[in-house]
Amino acid sequence: MKDFSFTIHKEYPDTLARAGVIHTAHGDIQTPAFVTVGTKGTVKSLTPEQVRSTGAQVVLANTYHLYLEPGERRVKEMGGLGNMMSWQGPTMTDSGGFQVFSLGAAYGATSGKRLGKISGIGHEPLLGAYREEGVPKLATIDPDGVMFRSHIDGSAHYFTPEKSIDIQHALGADIIFAFDECTSPHESLHYQKEALDRTHRWAKRCLTHHAQHDNATWQALFAVVQGGRDKGLREESARFLANLPFDGFGIGGSFEKQDMSDAVLWCNAILPKEKPRHLLGIGEPEDLFMAVENGCDLFDCVMPTRIARTGTVYTHAGKIHLHNAQYRDDHNPIEKTCQCYTCQHYSLAYVSHLFRAKEMLAATLASIHNITFIVSMVDRMRAEILSGDFMAYKKAFLADYTTHTKKD
Ligand SMILES: [Zn+2]
C-alpha cells in the first residue's frame, strides 16, 4: 500500500473549504497548510530548527535549481532533499516546468512583447515574465520536451517529462509534480489550447514513468491543472487530469490577480474531493483566504521570505516597512500578540537598526516573523473550519488587514 494518504476531517458549509490531514512517509501535514519555500534546499537565512519554530510543516524546493546546482546526483548522495538540508518533516519538489518556461518558451507566441510584471505569479520567475524587447529566448519547446539554457552559465539542457520525474526521484521529496507548461495569461487562446494538450500528454507520460519506479510506493505524484484564464480550458484540464490516477493536483498558471479565484473555483468544482489540491505560488493573506474558501489544501510562496529580506513584515494591520524612520525609536515588538522568536525577544527599534546596518541577522529575524505570521493565519483558518466560524474569521482578518494596507 502506498505510504501517502489524504483524509478530510471537516467540510465547511456553503463553501468548498475543508480541513484534513495528508500523511507522507516523513510525517503528516495538517491541512490547509502553508508550504514554506526552500528554493535551493534551504529556506533562505533560516536553519531547519528556525523553520520548525515558525510552525511550518513542509518545505518545497525547486527541481530546476537543484538540478543545476548541486545536481540531483549529489542531492541523492547526501541522502535526498530532506536529509541534505537536515529537515526531518515532509518535503515537496516542483517539476521544474515553471522556471524552464519562464526562461522563454511559454512566452513564445508573444516573442519580443513587453509583458510587464505579472502579479500572483507562481514560484520564482527567472527571465520570461520580465523579458523585454530584444532579449533572446533562453528556452525552446518541442513535442517531447524543452531545451533551455542555464541562467547560471548559459549551458544547454533538455527536460522531458521522464527527465523531470527522474530528477525528482533522485531529489526524493514526498510530493512531486508532473512536468507541465506554464503559459503567460497574455497568450492567445489558440496557444493556451496547444500548450494544454502538451501538458496533458506530458502528465500521462509522467504517470507511466513514475509508476515503473520503486519510489512510487511512497512519493506522491501531483498533476498540474493549466488552461490560463479560459473557463473552458480550465474545466477541460481538470476533467482530463481528474480521470487519471494522480495522488493529488496542483493548480498552476501565471495569474492576473482578478482571474485567480475564478480559475480556482472552476478547477475545484471538478477535481475529485478526496484528493489534495495545491495552489501553486500563492501566499499573500487575501489570496490564501480565497484559496481555502474555494477548496485548496496547500499553497507555497516565496513572498513571506522574499519581502522579509528587504525589510517588509506582515502585521494584522497590514504590511510595514522596517526602514521607515518611525520604527527607530519604537520599543514594541513587530506585533505584541505574535508568539514568534523575533517578537518574543526583539524590538522594532532593534530589527529596524539591523536593516539599516545591513546585518545578516535582519533577514533571519524578519523571515521568522513573516513565516510565523502566514503559517499561524492558515492554522487559524484550519481551526475555524473545524470548530469555529471560518467566514467570520476571514471577514474580521481582512477588514483589519486590507484597510490598513490600503492606507499604506
Ligand atoms: Zn513575530
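Cys 338 and His 369 are both buried, a class that requires under 20% relative accessible area, with exposed meaning over 50% and partly exposed lying in between (1.4 Å probe, protein chains only). The model is a predicted one, in which local features need pLDDT of at least 70 and side-chain atom pairs count only at pLDDT 80 or more, while totals for chains, interfaces and linings use all residues. Residues are numbered from 1 along each chain as its sequence is written, and side-chain values use heavy atoms, with hydrogens and water left out.

**Zinc site**

Four protein donors lie 2.1 to 2.3 Å from the zinc ion: Cys 338 (SG), Cys 340 (SG), Cys 343 (SG) and His 369 (ND1). Donors are N, O and S atoms within 2.8 Å of the metal (3.2 Å for Na, K and Ca); water is not among the atoms, so sites may look incomplete. The 4 donor atoms subtend angles of 99 to 120° around the zinc ion, which makes the arrangement tetrahedral; four donors count as such if all angles lie between 85 and 135 degrees. The ideal angle for four tetrahedral donors is 109.5 degrees.

The spacing of the donor residues in sequence is C-x1-C-x2-C-x25-H. Cys 338 belongs to the loop between strand 16 (318–321) and helix 12 (341–345), and His 369 to helix 14 (residues 360–387), so the pair ties together parts that are 31 residues apart in sequence. Helices (H or I, at least four residues) and strands (E, at least two) are DSSP runs, numbered from the N terminus. Cys 343 is buried as well, at a relative accessible area of 9%. Helix 14 also contains Ala 383, which is partly exposed at 35% relative accessible area.

**Cysteines and disulfides**

The structure holds 0 disulfides, a disulfide being a pair of cysteine sulfur atoms within 2.5 Å. For Cys 267, the closest cysteine sulfur is that of Cys 296, at 8.5 Å, too far for a bond. Cys 267 has 0% relative accessibility and counts as buried.

**Overall fold**

The protein comprises 15 helices and 16 strands. Its radius of gyration, taken over C-alpha atoms, is 20 Å, close to the 22 Å that the globule rule gives for 408 residues, so the protein is as compact as a globular protein of that length. That rule is 2.2 Å times the number of residues to the power 0.38. Of the 408 residues, 59% are buried. Among contacts (heavy atoms within 4.5 Å) between residues at least 6 apart in sequence, 69% join residues at least 24 apart.

**Helix 6**

Helix 6 (residues 161–171) is mostly covered, with 8 of its 11 residues buried. Among them are Pro 161, Ile 165, His 169 and Leu 171. Just after this helix, Gly 172 takes a positive phi of about 75°.

**Backbone features in loops**

Two serines have a positive phi, a value noted in residues other than glycine. Ser 45 is partly exposed at 32% relative accessibility, and Ser 86 is partly exposed at 37%. Two cis peptide bonds, Thr 31 to Pro 32 and Glu 69 to Pro 70, are listed with them.

| Feature | Backbone angle | Loop |
|---|---|---|
| Thr 31–Pro 32, cis | omega about 0° | Pro 32: strand 3 (27–31) to strand 4 (33–37) |
| Glu 69–Pro 70, cis | omega near 10° | Pro 70: helix 2 (63–68) to helix 3 (72–77) |
| Ser 45 | phi near 75° | strand 4 to helix 1 (48–53) |
| Ser 86 | phi near 60° | helix 4 (80–85) to strand 6 (91–93) |

Methods
Tetrahedral: all angles 85-135°; square planar, octahedral: opposite > 155°, others 65-115°.
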